[in-house]
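Morning, everyone. Let's take a short walk through one structure. Here it is on the screen.

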Amino acid sequence: MRWSETLIATLRDAPQDAEIASHKLMMRAGLLSKLGGGLYTFLPLGLKALRKVERIVREEMDRAGAQEVLMPALQPREIWEQSGRYSVLKDAMFKIHDRQERDLVLGPTHEEVITDLAARQISSYRQLPRTLYQIQAKFRDEIRPRFGLMRAKEFIMKDAYSFDTSWEAADKSYQAMYDAYVRIFKRCDLNVKVVEADTGAMGGNFSHEFMVLADSGEDGLVECESCAYAANLERADRRLPPQTEERTDQLPSPVATPNQKTIAEVAAFLKRPASQLVKTLIYVADGKPIAVLVPGDRDLNEHKLARALGGVTVQMADDRTIEQATGAPVGFAGPVGLKIPVYADAELKVPRVYVTGGNAADTHLLNVVLGRDAAVTAYHDVVTCREGDLCPKCGERMREKRGIEVGHVFKLGTKYSKAFDAGYLDAAGNRQIMVMGCYGIGVTRTLQAVVEQSHDANGIIWPASISPFQVSLVVPNVQHRESMVAAEALLKELEARGIEVLFDDRDERPGVKFKDADLIGLPVRAVVSERSLADGKVEIKLRTAADKMMVPVQDACQTLVDIVQKGTQS
Ligand SMILES: [Zn+2]
């Protein structure tokens, strides 16, 4: 492809709203063009790379035995009501209606559509197992779209769904997808960390996420320094540190804390470390107020709380509920004398002497011993893990990291198949319900994650497998006739061998062209110039190498073919 005939507009500077390296580089290298907040056009270079990611995904899905389908992006509201998810996800969905005022949504995911499909199409155990997938645009009404393709309103996903006769069979389908994901990300040259994940609104019973480690990542995770344990922060458990008991004969006594509401304020005011305070949070669980206690220096994890309480929905109570439950203004809640159920973090189980809120304005209580002074309904691990917490598997220290979620696999069970009555007749003629799994890959996000993980100060460094073109061919001075003749000949020869070449035939200064070549970041660059031809040579340089090779003109094509083939195999 000749640069002069394609649409590649590189930029000197990244747009203002591009905050992370990959977003800046994708804009600067002319891969994307912004239409509006969270909406991007793929320009020719970007689309070529995207198609390669899609091809890898498709090949590995097919290899794993999945079959491709294509479902509508437009979905009737009713199926979301049927699964019970309309109320949960309605704020995140684009809701529209047709001319007959029928409500529709633009699909953020397709569990509802596919389960409806399976209920219609599958009726016998002979048709199972089946795994179906599609590669399609998804829509999400992000409050704050940012980071380019990382959090866009429209993005491309590969979503797959498995249907099985039993939970054991569903495990096999899950493993097949898991293994396919490992291969997909390896082929994209992405270094991913597989972590245990929360099942959240998807309503399954176990899941893994595939995370690309990056400081710019929006997801937190912890990984053990010693064993293989790794988990998303929403999910991560911890082993409790050894603690010594602490007793006191003194009873709880009020202390005036005028206007000191937050843990930090109270700790500073009383000159005590936050760890000697207990934070009392009032929540509403399944419609009823509860109190949740966590150590003053820790954060409550709502996902873990919901799970500990048996999968109920939990949300922070509003001010009125807090005032009714505690009899005090917000900021002074404490467990002593509360009439609602009190749950506490497992770390608080060993008796110690704490400071808590006093359930009265401007008042806290000293000398509070949980269990003695306040009844606790149950202790659960409900805080968010952090750097230095102990691994739940082996007890060694865990590190906290940031990551970009590029894939997830969920074992869904029967939540959707029950809601849509997706059943089948078993060998004995009895009607059974199908067991499901669902599996997603953010295709556009994966593409950007590659750039986030693979770049330097000069630009993108594409892995051979998804590079938009395989070879960058540059003529620094297009006015030099012999250079152009030799380059045209090399282009023809390479294309005849099936190599994808981006030929920079623009009448631009050499400095501009070399900068652009590094910015776009194709794996190998060939330069044909007056100087190289004086020795009968072509200059060849890998994007990742500092050194150049001078190769005789007649060997240039074969050398480049060898480099491309080696790169694609590795
Ligand atoms: Zn461990």
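**A buried aspartate and an open sheet**

Asp345 is buried, with a relative accessible area of 0%. Keep in mind that this is a predicted model.

Where is Asp345 found? In strand β17, which covers residues 342-345. Now, which side chain does the side chain of Asp345 make a polar contact with? That of Arg238, at 2.9 Å. What else is in contact with Asp345, leaving aside its neighbours within four places in sequence? The list includes Leu293, Val294 and Pro295. It also includes Tyr379, His380, Asp381, Val382 and Val383. I call Asp345 buried because its relative accessible area is 0%, and the cut-off for buried is under 20%.

Next, the sheet. It is open and has five strands. Read the order with me: β28-β27-β29-β30-β31. The pairing is mixed. At the edges sit β28, residues 501-504, and β31, residues 548-552. Each of these two pairs on one side only. Neighbouring strands are turned by 25° against each other on average, direction ignored.

Take one pair of strands. β27, residues 471-474, and β29, residues 524-527, run in the parallel sense over four bridges. One bridge to look at: Leu473 has Ala526 in β29 as its partner.

Now the helices on this sheet. Helix α12, residues 481-496, packs on it and touches β27, β28 and β30. The direction of α12 makes about 170° with that of β28. Helix α13, residues 510-520, packs on the sheet too, touching β27, β28 and β29. The direction of α13 makes about 160° with that of β29.

That's the tour. Thanks.

Conventions: Residues are numbered from 1 along each chain as its sequence is written. This is a predicted model: local features need pLDDT of at least 70, side-chain atom pairs count only at pLDDT 80 or more; totals for chains, interfaces and linings use all residues. Side-chain values use heavy atoms; hydrogens and water are left out. Two strands pair if DSSP finds at least two bridges between them. Axes are lines fitted to C-alpha atoms, for helices over the stretch in contact, and angles run from 0 to 180 degrees between N-to-C directions. Contact means heavy atoms within 4.5 Å. Buried means under 20% relative accessible area, exposed over 50%, partly exposed in between (1.4 Å probe, protein chains only). A polar contact is a pair of N or O atoms within 3.5 Å; within protein, one must be able to donate a hydrogen and the other to accept it, and residues adjacent in sequence count only if both atoms are side-chain atoms.
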